[in-house]
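Me: Please take a close look at one part of this model, the packing of its main nonpolar core. I should like one connected account that begins at a loop beside that part and then places the part in the rest of the chain.

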Amino acid sequence: MSTTILAIESSCDETAAAVVVDGHIVKSNTIYSQIDLHTLYGGVVPEIASRKHVEKMNQVIRTSLAEADVTWNDIDAIAVTYGPGLVGALLVGVSEAKALAYAKKKPLVGVHHIEGHIAANYIENPDLKPPFMCMVASGGHSHLVYVKDYNSFEIVGRTRDDAAGEAFDKVARAIDLGYPGGPKVDKLAKEGNPEAIAFPRAFMEDAPYDFSFSGLKSAVLNYLNQCEMKNIEYNRADVAASFQKAVVDVLTDNSVRAAKAYDCTSLALAGGVAANSALREAMKNACEKNGLTFYHPSPIYCTDNAAMIGVAGYHAYQSGVRDGWNLNAVPNLKIGERR
Ligand code: KG4
Ligand code: ZN
């Protein structure tokens with residue numbers, strides 16, 4: 001007997017639904033991205049995101065069911081992201097999922113967004129099984145997570161300030177690349193020299209797996225200001241490449257050290273920044289050197305999507321998780337916590 005999950009995701013600026021069978025077969029993965037709308041403002045405007053989710057949610061779910069070629073009879077449970085994220089945005093998905101679960105008499109399973117990002121790795125890597133170390137780097141979060149089991153997590157390291165994606169977005173804005181910055185820095189960096197400018201790498205003495213990106217961000221802004229004051233024209237591609245290299249070095253070094261300290265044989269990447277080509281390359285090489293098997297999702301499963309929520313939802317469902325009509329959006333939900 002197979003298990004089919006309808007998954008819903010609306011924690012930030014993507015309205016998404018997916019149909020996932022047995023925790024790894026993606027029958028449909030429908031994403032309505034609001035990026036163009038928020039680009040006008042240089043970042044996500046929470047109120048606009050919520051309103052757009054309301055407008056698009058039914059259509060996205062209908063498309064997802066149609067593309068998967070399933071009917072409501074085929075759906076075993078409804079999984080939905082209930083945190084962390086923007087409260088108004090989360091509420092749209094949670095309300096929708098509750099209404100559908102009630103009307104169609106289906107079990108409801110609340111999913112943690114970051115646990116979803118981690119679970120994205122199971123879609124294309126059937127050989128990946130816990131335990132493993134996972135570096136989750138997205139626009140809102142940067143965590144090094146020891147995945148003990150499908151539903152059991154330990155946070156090994158975290159950012160002290162900015163998330164990695166946030167640093168990419170802020171530096172991109174400073175060199176006029178626009179929003180969202182990650183993919184644009186990634187592309188421009190290919191034309192630049194990563195050794196051109198010596199930007200700092202922050203390592204924490206008291207917490208060896210934590211990281212910090214605000215010092216790096218300030219160093220980039222200072223460099224740009226200095227150049228402007230001295231009327232020196234800077235090379236944007238070199239700035240992008242040198243900044244990116246600093247982020248990649250820290251993420252890679254911390255991840256590999258943590259994986260070894262926890263006796264892991266596998267290291268995985270997750271979250272929007274996992275789509276970064278330089279990070280993937282560096283992680284692949286570092287894993288090879290250290291005898292670790294390296295995993296990462298395809299770019300479409302790195303950035304926000306509902307398929308990953310369907311995978312995490314499947315494992316929660318299998319372990320007996322059933323949420324009630326009191327399921328609520330929890331904007332600051334912690335990894336491994338259930339509310
Ligand atoms: O996981 P995600 O879609 O949303 C959150 O949960 O935050 O991550 C979005 C973040 C943005 O900051 C974006 O700039 C970054 O991921 N990102 C990238 C790349 N693609 C997306 N950062 C670096 N390189 C990329 N190729
Ligand atoms: Zn995300």
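Reply: A suitable starting point is Asn231, a residue of the loop between H8 and H9. The model is a predicted one, and the description below should be read accordingly. Although Asn231 is not a glycine, its phi is positive, at about 60 degrees. Asn231 counts as exposed because its relative accessibility, 73%, is over the 50% cut-off.

The two helices on either side of that loop both enter the core in question. The largest nonpolar core has 50 residues, and within it Met133, Phe243 and Leu251 touch the most other members. Eight elements are listed as giving two or more residues to this core: the strands are E6 (132-137), E7 (142-149) and E9 (266-270), and the helices are H6 (164-174), H7 (181-189), H8 (214-229), H9 (236-261) and H10 (277-289). The largest share belongs to H9, with 13 residues. Such a grouping agrees with a general tendency: in soluble globular proteins, nonpolar side chains are often buried together.

Leu251 gives a local view of this packing. With neighbours within four places in sequence set aside, Leu251 contacts Met135, Ala137, Ala164, Phe211, Phe213, Leu279 and Met283. A separate core of 37 residues lies apart from the largest one, and includes Ala18, Tyr122, Val145 and Ala268.

The pairing of H9 with H10 may be described next. In general, the packing of two helices is described by the distance between their axes and the angle between them. For H9 and H10, the axes come within 9 Å and the crossing angle is roughly 35 degrees. The sense of this crossing is right-handed. On the H9 side, the contact involves Gln244, Val248, Leu251, Thr252, Ser255 and Val256, while H10 supplies Ala278, Leu279, Ala282, Met283 and Ala286. By type, the residues of the contact are 8 nonpolar and 3 polar, with no charged residue. Leu251 thus appears in two roles, as one of the core members that touch the most others and as a residue of the H9 contact with H10.

The domain assignment gives the wider setting. Domain 1 is made of two stretches, 4-119 and 305-318, whereas domain 2 covers 129-297. Taken over C-alpha atoms, the centres of the two domains are 27 Å apart. Contact between them involves 14 residues of domain 1 and 16 residues of domain 2.

Several residues elsewhere in the chain complete this setting. Ser298 occupies the loop between strand E10 (293-295) and helix H11 (299-302). Ser298 is classed as partly exposed because its relative accessible area is 26%, which falls between the cut-offs of 20% and 50%. Outside its close sequence neighbours, within four places, Ser298 contacts Glu124 and Arg280. Tyr209 stands 89 residues from Ser298 along the chain, and their C-alpha atoms are separated by 26 Å.

His315 belongs to helix H12 (residues 307-318). His315 is buried because its relative accessibility of 14% is under the 20% cut-off. Residues up to four places away in sequence not being counted, His315 touches Tyr122, Tyr150 and Asn151. Of these, Tyr122 is also one of the residues of the 37-residue core.

A second histidine, His53, is in helix H2 (residues 46-68). His53 has a relative accessible area of 0%, and is therefore buried. Its contacts, apart from neighbours within four places in sequence, are Ser10, Cys12, Asp13, Glu14, Thr15, Gln34, Ala89 and Val92.

Some backbone features remain. The peptide bond that joins Pro130 and Pro131 is cis, and its omega is about 5 degrees. Pro131 sits in the loop between helix H5 (121-124) and E6, and E6 is one of the strands that contribute to the largest core. Another cis peptide bond runs from Gly83 to Pro84, where omega is near -15 degrees. The position of Pro84 is the loop between strand E4 (77-83) and helix H3 (87-104).

Lys105 returns the account to the backbone feature with which it began. Lys105 is in the loop between H3 and strand E5 (108-112) and, though not a glycine, has a positive phi of about 55 degrees. With a relative accessible area of 75%, over the 50% cut-off, Lys105 is therefore exposed.

Note on methods. Residues numbered from 1 in each chain as written. Chains lettered and ligands numbered in written order. Predicted model: local features only at pLDDT ≥ 70, side-chain atom pairs only at ≥ 80, totals over all residues. Heavy atoms only, no water. Core = buried A, V, L, I, M, F, W, Y, C linked by side-chain atoms within 4.5 Å. Buried < 20%, exposed > 50% of the residue type's maximum accessible area, 1.4 Å probe, protein only. Helix = DSSP H or I, 4+ residues; strand = E, 2+ residues; numbered from the N terminus. Contact = heavy atoms within 4.5 Å. Axes fitted to C-alpha atoms, helices over the stretch in contact; angles between N-to-C directions. Left-handed = near helix turned anticlockwise from the far one by under 90°. Nonpolar A, V, L, I, M, F, W, Y, C, P; charged D, E, K, R; others polar. Domains from an automatic or database assignment.
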